[in-house]
Amino acid sequence: MLYDDDFKPQDIEFHPETNTEFIFSISPENTKKVFSDCNDFESRDILAGGGGPSIFVCWLDGTVSGSEVSELVLRPLTDPARFGDAATEAAVMNRLAQGGVYSGSMKKTDSMGELAEALAFGSCALVFQGTAFLFQLKTDQHRSVQEPSVEKSLKGGKDAFVEPLRVNTGLIRSRLHTPKLKLRQTFIGRKSRSAAAVLWIEGVANPALPEEALRRLEAMDVDGVLMPDVLDSGLADAPRSPFPQLLHTERPDALSTLLLQGRVAVLVDGIPLAFAAPAFLPEFMKTSEDRSLHYLAASAIRLLRWAALLISLLLPAFYVAVATFHAEMIPTKLLLAVIESKQSVPFSTAAEVLGMLIAFELLQEAGLRLPDPVGQTVSIIGALIVGQSAVDARVISPIAVIVVALAGIAGYTMPSQDLSTAIRLCRFGLAIAASLAGMFGIMVGAVLLLWHLCSLETFGLPYMTPLTGSGGGDSGGVFIRRPPWKDLYRDKLINGGDIRKRK
């Protein structure tokens with residue numbers, strides 16, 4: 001709270017968006033009070049036209065471009081040809097309103113709260129008694145557009161989102177050259193005041209989707225939006241579920257495709273990712289590269305991904321159940337090999353598999369957190385040396401290592417890392433259920449998992465669409481990619497009227 005004993009209560013203006021009270025009256029002195037103890041607060045007193053009234057110019061160093069402040073604001077202010085005949089503050093303000101400064105973005109305000117917020121967002125301010133003129137001069141010191149690092153692009157675009165919001169919206173505009181691409185902006189986070197933009201294509205997206213996305217963004221009661229998880233929790237229908245409910249992408253071409261399908265997108269300043277909704281479970285098994293391949297090759301790869309999902313989820317639990325309770329299901333030769341490998345191992349099959357799953361997660365976490373050269377070394381040591389030594393010492397059986405390794409490799413084929421993480425959590429649960437009740441435990445666990453997935457919604461729509469038969473999409477397109485000449489219509493569940501996408 002900012003206050004002074006000399007100011008009366010009516011001189012205080014409360015801003016619920018920033019949860020801060022600002023001194024109401026704009027003046028150079030009050031501006032300095034607001035930004036006291038801010039060593040990056042820069043200010044100068046400039047004589048208009050070189051000998052006219054004094055003008056208080058201020059900005060926050062690092063948020064604006066210093067060269068642009070000098071060239072676009074300070075230089076024209078001191079130019080006698082522009083402000084030499086402005087003998088009063090009123091004349092100076094009139095000249096500013098008429099374009100006396102070179103900056104292309106100018107805004108006039110009489111609110112101290114708006115002035116403070118504009119300075120924090122990268123504006124240069126000319127402060128008078130009761131009035132301020134704001135000029136947007138954001139610094140261009142940011143990471144340049146680079147190739148995608150997570151979503152590899154073989155035939156698609158070679159650019160990826162970066163942190164600044166306007167750069168990201170420009171990447172989308174460069175692909176969708178239509179005025180029907182709409183963008184509405186809001187600010188979220190009591191302290192961070194992060195700019196968030198909701199994008200959609202008018203007529204293609206259901207009109208209720210962008211309104212719902214804006215409502216959820218503005219309802220988020222958080223201090224700051226600096227990490228993706230904050231948005232995931234604020235926009236998801238069921239934030240307690242481990243399954244992802246928003247599509248994430250770092251590729252502008254992928255997001256453009258999602259917008260053309262009728263989805264809405266959310267971009268946030270400072271986060272180099274885009275979020276799209278609604279997100280149905282089958283969408284997490286597709287990639288942008290599917291559309292770069294022949295439909296037969298893309299269909300085969302998509303079927304392989306679904307098979308890998310089942311292997312990653314069920315294989316450890318199935319092995320525990322069969323080896324512990326249902327040995328009669330194993331072919332005789334394989335059963336003899338399993339018995340031989342288990343004779344000298346002191347642990348049960350369930351303990352072996354669960355221990356190996358935990359070890360696999362530890363190795364993966366160590367490889368992610370350490371620098372690349374060290375992480376690769378740790379992975380090699382863990383997989384080859386420790387794993388082989390454990391087998392040679394007969395602490396674990398070779399078949400348990402094969403089962404866990406195969407399940408882990410199958411999990412790496414998931415296009416979505418968030419879905420892969422959820423599958424890994426469910427894999428542990430099913431393995432524990434199999435150790436307690438065999439195949440019956442797996443069946444109960446699978447039914448509970450399916451019930452949970454069918455109960456989820458994404459922006460009010462069934463999460464398992466189109467597998468639920470809710471009238472949206474084509475279930476055949478879940479497991480295979482339809483030929484281009486048959487992929488004619490958009491999903492009517494999320495469509496806003498323009499249903500045909502190919503003629």
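Is Arg 193 buried or exposed, and what is its relative accessible area? In this predicted model, Arg 193 has a relative accessible area of 11% and is therefore buried, the limit for that class being under 20%. The residue lies in the loop between β8 (181–188) and β9 (194–201), and its phi is positive, at about 50°, although Arg 193 is not a glycine. Phe 459 likewise is not a glycine and has a positive phi, of about 55°. Most residues other than glycine have a negative phi, and most peptide bonds are trans. The place of Phe 459 is in the loop between β13 (457–458) and β14, and with a relative accessible area of 10% Phe 459 is buried. The ring of Phe 459 is also a partner of a charged side chain, since Arg 216 lies over its face at 4.3 Å from the ring centre.

Two cis peptide bonds may be described alongside these backbone features. One joins Ala 277 and Pro 278, with omega at about -5°, and Pro 278 is placed in the loop that runs between β12 (274–277) and α10 (295–324). Another joins Thr 465 and Pro 466, where omega is about 5°; Pro 466 is in the loop between β14 (461–462) and α16 (476–479).

Among the helices, α15 (residues 417–455) departs from a straight course, for a straight helix of 39 residues would span 57 Å at 1.5 Å a residue, whereas the end C-alpha atoms of α15 are only 22 Å apart. A bend of about 140° is found in α15 at Ala 437. At the N-terminal end, α15 is capped by Ser 416, a side-chain oxygen of which lies 3.4 Å from the backbone nitrogen of Asp 418.

Buried polar and charged side chains occur in two further helices. Asn 30 lies in helix α1 (residues 28–34) and has a relative accessible area of 6%, so that it counts as buried, under the 20% limit. A polar atom of the Asn 30 side chain lies 2.6 Å from the backbone oxygen of Ser 25. Glu 352, in helix α12 (residues 349–369), is buried as well, because its relative accessibility is 2% and the class takes in values under 20%. When residues up to four places away in sequence are not counted, Glu 352 touches Lys 342, Val 345, Phe 347, Ile 396, Ser 397 and Ala 400.

Aromatic side chains provide a further set of contacts, and a search of the whole structure finds six aromatic pairs. One of these is formed by Phe 35 and Phe 41, which are stacked, with 5.2 Å from centre to centre and 5° between the planes; Phe 35 and Phe 41 are both buried. In another pair, Phe 128 and Phe 133, the ring centres are 6.0 Å apart and the planes stand at 85°, so the arrangement is edge-to-face, a class that requires an angle over 60 degrees. Phe 128 and Phe 133 are likewise both buried.

Val 268 and Met 227 offer a contrast in exposure. Val 268 is found in strand β11 (residues 264–268) and, at a relative accessible area of 0%, is buried. With residues up to four places away in sequence left aside, the contacts of Val 268 are with Glu 163, Leu 165, Ser 194, Ala 195, Ala 196, Val 225 and Leu 231. The C-alpha atoms of Val 268 and Ala 308, which are 40 residues apart along the chain, are separated by 33 Å. Met 227, by contrast, is placed in the loop between α7 (208–218) and α8 (228–235) and is exposed, because its relative accessible area is 54% and the exposed class begins over 50%. Met 227 and Leu 273 are 46 residues apart along the chain, and their C-alpha atoms are separated by 10.0 Å.

Technical notes:
Residues numbered from 1 in each chain as written. Predicted model: local features only at pLDDT ≥ 70, side-chain atom pairs only at ≥ 80, totals over all residues. Heavy atoms only, no water. Helix = DSSP H or I, 4+ residues; strand = E, 2+ residues; numbered from the N terminus. Buried < 20%, exposed > 50% of the residue type's maximum accessible area, 1.4 Å probe, protein only. Phe/Tyr/Trp six-rings, centres within 6.5 Å; stacked < 30°, edge-to-face > 60°. Lys NZ or Arg CZ within 6 Å of the ring centre and 35° of its normal. Contact = heavy atoms within 4.5 Å. Expected span 1.5 Å × (residues − 1). Bend = angle between axes of the 7 residues up to and from the residue. Polar contact = N/O pair within 3.5 Å; in protein donor to acceptor, adjacent residues only side chain to side chain.
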